[in-house]
Amino acid sequence: MTKKLFLIGWLLAMFVSGGAQEKEIINHSPKLVVGIVVDQMRYDYLTRFYNRFGEGGFKRMISEGYNCKNNHFNYVPTYTGPGHASVYTGTTPQNHGIISNHWYDKFGKQMVYCASDPSVKAVGSDSDMERMSPHRMKTTTVSDQNRLHTQLQGKTIGIAIKDRGAILPAGHTANAAYWFRGKDEGKWITSTYYRNDLPEWVKKFNESGKAKSYFKVWNTLYDINTYSESGSDKNNFEGGYKGKETATFPYDLAKLKDQNAGYDIIKSSAFGNSLTADFAIAAIDGEQLGADNTTDFLTVSFSSTDYVGHNFGVNSKEIQDTYLRLDQDLERFFNALDQKVGKGQYTVFLTADHGAVHVPSYLKSVNIPAGYFDANEFSAKVTAFAHNKFDVKDLIEHISNYQVFFNYNTLKESKIASGDLQEAIAHFLLQEPHIDKVFTRKQLESTNYTSGIATLIQKGYNQKRSGDVIVVLNPATIAYSKTGSTHGSGLTYDTHAPLLFFGQGIKKGSTTHETHITDIAPTISALLGIAFPNGATGDVLSFVLE
């Protein structure tokens, strides 16, 4: 009898012990999740500059974590606002509603900005231009879901030079999102959507003179003659700064600032990323992120890579130096996380919001098909065609973002069917030399596309916010200046973005299996054991998780 009681007691103890152990495993989450978006980062920047990187930045993520080498955006357009929203909501503009950086509001009859909110005011600046919130984003983010799961005990802080890069990732429930007000101010600010004053740590940072310290000479980190991974420093394909005759190193930012909107020149140099890293490190202490066992979120977007890319192009010495310096900024950021949160106590992912095309004028110089598209001429042609075809004025209400919006009041009064106008304009536009494909509202609402550019267009198409005819340009054809790079297409130079994970709960390895930007939020949700964002359509990358 005694042996039987002992056996029952032993089995009960094992059951309780096993249950406790299982519970511990299920509930064990990182103290801090850090989401990093590098604005305009093509995947091949990882491989092109790999041998020049140090061991503690990009290489650390690759060697200690998981590298998804074939990661893509699965929608069009590939812009900053939709990119940040899609990374954190786990879905595409079709659902989260951020269809561009700016878009035409058919109901308000005006252009709107993805983060603008006239109902709030700036905090930390008197500017009326900084009234921002995430209210136009229709779905939750993974950071929102973490807040809900932890009964709002887990903090969320968003940081970026660009307002949209801070606001959209942090979501609707964030404790704060901070962005950099340049011009003559040089301050990190927020809005009354989050709080009515700046916390002391932000005031202290703004008063420290850190931003002002970057009014200095930007020269290459290493001997410019060793920068063999990029093109010649002096060429005809780069923009440069006002006040300097050539777009060549070095750049004396202190001397150039007055002709380049003051502190905005820091934003558009490699030092903007350094300033962002400075502020993100200060936020870890200031907000006590990762200080307890309730998971916090820190979203960081490095925006200056985009400004430099737009100005100088993807093949420039300036873009190479910007990434070599960013690598150093990442290393000191990770070192700060090790010291302040604890090695192995946090999880990081790094991706981009879009890629970028080589400067078309450069591509043409090496015999690769490329070109430039005149958006104003396009608008005039479409408007004139509709008028001449149907002998009715004002059929076209607005044209932007390669989308044509109809005036439905005029259609109704003239008894013209929307489908007839869609088909007529689509047929007309396909005759234009720079246009590759055209899609109509009728096609996108009645057909379920499963492959090719059509499915990317459809996943970026929001029934309520998008236009009536969508235009796709030829490869490497852009509506932009003849210098610098841009983005927005569904071609691989815009869709192929890095995706790196490392830290707690992440395996070591890599894959060439195709993954999508919308898979990030579900994967992090699965890691944390929380509900997915409410509009999520991506998949969990189970091979990434331990």
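# Exercises on helix α13 and the ten-stranded sheet

**Exercise 1. Check the length of helix α13 (residues 317-342) against the rise of 1.5 Å a residue.**

Step 1. Helix α13 has 26 residues. Helices here are DSSP runs of H or I with at least four residues, strands are runs of E with at least two, and both are numbered from the N terminus.

Step 2. The expected span is 1.5 Å times one less than the number of residues, and for α13 this gives 38 Å.

Step 3. The C-alpha atoms at the two ends of α13 are 36 Å apart, which agrees with the expected span.

Step 4. After α13 comes Gly344, with a positive phi near 80°.

The model is predicted: local features require pLDDT of at least 70 and side-chain atom pairs count only at pLDDT 80 or more, whereas totals for chains, interfaces and linings use all residues. Residues are numbered from 1 along each chain as its sequence is written, and side-chain values use heavy atoms, with hydrogens and water left out.

**Exercise 2. Determine how far α13 is enclosed by the rest of the structure.**

Step 1. The criterion is relative accessible area, computed with a 1.4 Å probe on protein chains only: buried means under 20%, exposed over 50%, and partly exposed in between.

Step 2. Of the 26 residues of α13, 20 are buried, so the helix is largely enclosed by the rest of the structure.

**Exercise 3. Describe the packing of helix α12 (residues 304-312) against α13.**

Step 1. Two packed helices are described by the angle between their axes and the distance between the axes. Axes are lines fitted to C-alpha atoms, for helices over the stretch in contact, and angles run from 0 to 180 degrees between N-to-C directions.

Step 2. The axes of α12 and α13 come within 9 Å and cross at roughly 165°. That makes α12 roughly antiparallel to α13; angles under 35 degrees count as roughly parallel, over 145 as roughly antiparallel, 65 to 115 as roughly perpendicular and the rest as oblique.

Step 3. The crossing is left-handed, a term used if the near helix is turned anticlockwise from the far one by less than a right angle, with right-handed for clockwise.

Step 4. On the α12 side, Thr305, Val308, Gly309 and Phe312 meet Glu318, Ile319, Thr322, Tyr323 and Leu326 of α13. Contact means heavy atoms within 4.5 Å.

**Exercise 4. Is Tyr45 buried or exposed, and which residues does Tyr45 contact beyond its neighbours within four places in sequence?**

Step 1. Tyr45 belongs to helix α2 (residues 44-48).

Step 2. With a relative accessible area of 0%, Tyr45 is buried.

Step 3. Beyond those neighbours, Tyr45 contacts Gln40, Tyr50, Phe53, Val314, Ile319 and Tyr323. Ile319 and Tyr323 also appear in α13 among the residues that meet α12.

**Exercise 5. Establish the strand order of the sheet and identify its edges.**

Step 1. Ten strands form an open sheet of mixed pairing, in the order β6-β9-β8-β7-β12-β1-β13-β20-β2-β21. Two strands pair if DSSP finds at least two bridges between them.

Step 2. The edges are β6 (122-123) and β21 (509-511), each of which pairs on one side only.

Step 3. At the β6 edge, β6 and β9 pair in the antiparallel sense over two bridges, and Val123 has Thr190 as its bridge partner in β9.

Step 4. Strand β8 (residues 176-181) runs antiparallel to β9, joined by three bridges, with Arg181 opposite Lys187. The hairpin of β8 and β9 has five residues between the strands, and in it Lys183 takes a positive phi near 50°.

**Exercise 6. Characterise strand β13 (residues 346-352) and its partners.**

Step 1. Strand β1 (residues 32-38) pairs with β13 in the parallel sense over seven bridges, and Val38 stands opposite Ala352.

Step 2. Strand β20 (residues 500-503) pairs with β13 in the antiparallel sense over four bridges. Leu350 stands opposite Leu500, and Phe349 is bridged to Phe501.

Step 3. In a regular strand the side chains alternate between the two faces of the sheet. In β13, Tyr346, Val348, Leu350 and Ala352 point one way, while Thr347, Phe349 and Thr351 point the other way, and all are buried.

**Exercise 7. Which backbone geometry is found at Pro77 and at Lys109?**

Step 1. Most residues other than glycine have a negative phi, and most peptide bonds are trans.

Step 2. The bond joining Val76 and Pro77 is cis, with omega about 15°; Pro77 lies in the loop between β3 (71-72) and α4 (80-89).

Step 3. Lys109 is not a glycine, yet has a positive phi of about 55°. Lys109 lies in the loop between β4 (102-105) and β5 (110-113) and is partly exposed at 47% relative accessibility.
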